[in-house]
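Trainee: I would like a close look at one part of this model. Please start with the whole chain, then settle on a single helix.

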Amino acid sequence: MRLLWLPDVLRAARLNVVTIDGWETRGKELAEVRGIVWHHDAAAVGASTASVEHLLVVGRSRPAGAAVPARPPRDGTWVVVAAGRANHNGYGTWGNESIGVEARNNGTGQPWPDVQVESYVSGTAAICRHLGLTVAAVKGHKETDPRRKIDPAGIDMDQARQRIAMRITYRPPTTPTTPEPEDIDMATAAELQSQIDGLKAMDKLVWAAGEEARRGPRLAHHRLGEGAPRRHGRRRGRPRASARRLATPDGLA
Ligand SMILES: [Zn+2]
């Protein structure tokens with residue numbers, strides 16, 4: 001495996017990236033990337049960019065996979081040195097099947113500018129995302145090889161990992177131009193419910209009107225007396241019979 005995607009992945013994370021000539025073919029093939037190891041390069045405060053880059057490429061037998069930032073004024077620029085295996089963590093956990101990141105710092109108390117640490121965090125998170133690694137795959141050299149190493153001095157790796165972890169999962173918010181599918185479903189569901197409620201209310205009105213229609217005529221019959229013509233007839237008849245009875249003396253008809 002060669003890290004030919006590295007500059008693009010870093011640039012996609014909005015980082016400033018430069019490459020050192022020949023980076024694509026520098027270093028042997030990596031069998032795998034088991035982790036990312038943070039270092040400081042221990043370059044003197046006043047060392048020139050050229051001398052630091054020369055050191056990263058050929059010096060101290062440890063051309064790193066990438067360096068951040070390898071040039072003054074430590075502005076957070078990533079300098080990609082090699083796409084292949086680099087000799088940066090030979091005795092440490094994961095060995096050199098890992099990506100080394102050499103940050104410009106003299107390691108003896110030189111402050112770490114916020115922009116540099118921010119860049120270190122962002123770039124490392126971008127690499128983790130690209131490779132599908134969790135933050136557990138990020139260690140300082142002082143953690144992979146604690147008996148021999150102190151770098152990156154002045155960086156709390158637990159704090160750094162917390163920041164990296166947030167970046168790995170964080171996705172910048174985007175302004176949706178169209179509603180999300182869930183929103184559409186919700187809107188449709190709400191509309192349907194509103195229509196159902198409307199229909200139910202209308203049903204009640206229709207039912208009530210029907211009741212009124214059914215009851216109305218009966219009430220009207222009672223009021224108008226149309227419902228009991230025979231009773232009226234009988235009533236009308238009875239007074240006549242009574243009248244006849246009254247008109248005819250009992251026992252004399
Ligand atoms: Zn180191």
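What share of the contacts in the chain with a separation of 6 or more comes from residues 24 or more positions apart? And how does helix H3 (114-131) pack against helix H5 (157-169)?

Mentor: The model is predicted. Residues 24 or more positions apart account for 73% of those contacts with a separation of 6 or more. The chain has 253 residues, and 30% of them count as buried. Its secondary structure comes to seven helices and six strands. From the N terminus, the order is α-β-β-α-β-β-β-α-β-α-α-α-α.

Now the core. The largest nonpolar core holds 35 residues. Ile 36, Val 80, Cys 128 and Ile 164 touch the most other members. Several elements supply at least two residues each, among them helix H1 (6-12), strand S2 (36-40), H3 and H5. H3 gives the largest share of this core, seven residues.

So to H3 itself. The helix has 18 residues. From first C-alpha to last, H3 reaches 26 Å, close to the 26 Å expected at 1.5 Å a residue. Many of its residues are buried, including Gln 116, Val 117, Tyr 120, Gly 123, Ala 126 and Ile 127. Val 121, Ser 122, Thr 124, Ala 125 and Cys 128 are buried too. The buried residues of H3 pack against H1, S2, S4, S5, strand S6 (138-140) and H5. After H3 comes Gly 132, with a positive phi near 70°.

Next, the partner. Two packed helices are described by the angle between their axes and the distance between the axes. For H3 and H5, the angle is about 55° and the axes are 9 Å apart. Angles of 65 to 115 degrees count as roughly perpendicular and those under 35 as roughly parallel; the two helices are therefore oblique to each other. Their crossing is right-handed. On the H3 side, the contact is made by Val 121, Ser 122, Thr 124, Ala 125, Cys 128 and Arg 129. On the H5 side, Ala 160, Arg 163, Ile 164, Arg 167 and Ile 168 make it. Cys 128 and Ile 164 thus appear in this contact, and both are among the core residues that touch the most other members.

Finally, look at Thr 169, found in H5. Is it buried or exposed? Thr 169 has 10 other C-beta atoms within 10 Å. A residue counts as exposed at 12 or fewer, so Thr 169 is exposed. Its C-alpha lies 8.4 Å from that of Arg 129, although the two residues are 40 apart along the chain.

Note on methods
Residues are numbered from 1 along each chain as its sequence is written. This is a predicted model: local features need pLDDT of at least 70, side-chain atom pairs count only at pLDDT 80 or more; totals for chains, interfaces and linings use all residues. Helices (H or I, at least four residues) and strands (E, at least two) are DSSP runs, numbered from the N terminus. A residue is buried if 20 or more other C-beta atoms lie within 10 Å of its own, exposed if 12 or fewer, and partly exposed in between; C-beta atoms are placed from the backbone. Two residues are in contact if their C-beta atoms, placed from the backbone, lie within 7 Å. A nonpolar core is a set of buried Ala, Val, Leu, Ile, Met, Phe, Trp, Tyr and Cys residues joined through C-beta atoms within 7 Å. The expected span of a helix is 1.5 Å times one less than its number of residues. Axes are lines fitted to C-alpha atoms, for helices over the stretch in contact, and angles run from 0 to 180 degrees between N-to-C directions. Angles under 35 degrees count as roughly parallel, over 145 as roughly antiparallel, 65 to 115 as roughly perpendicular and the rest as oblique. A crossing is left-handed if the near helix is turned anticlockwise from the far one by less than a right angle, and right-handed if clockwise.
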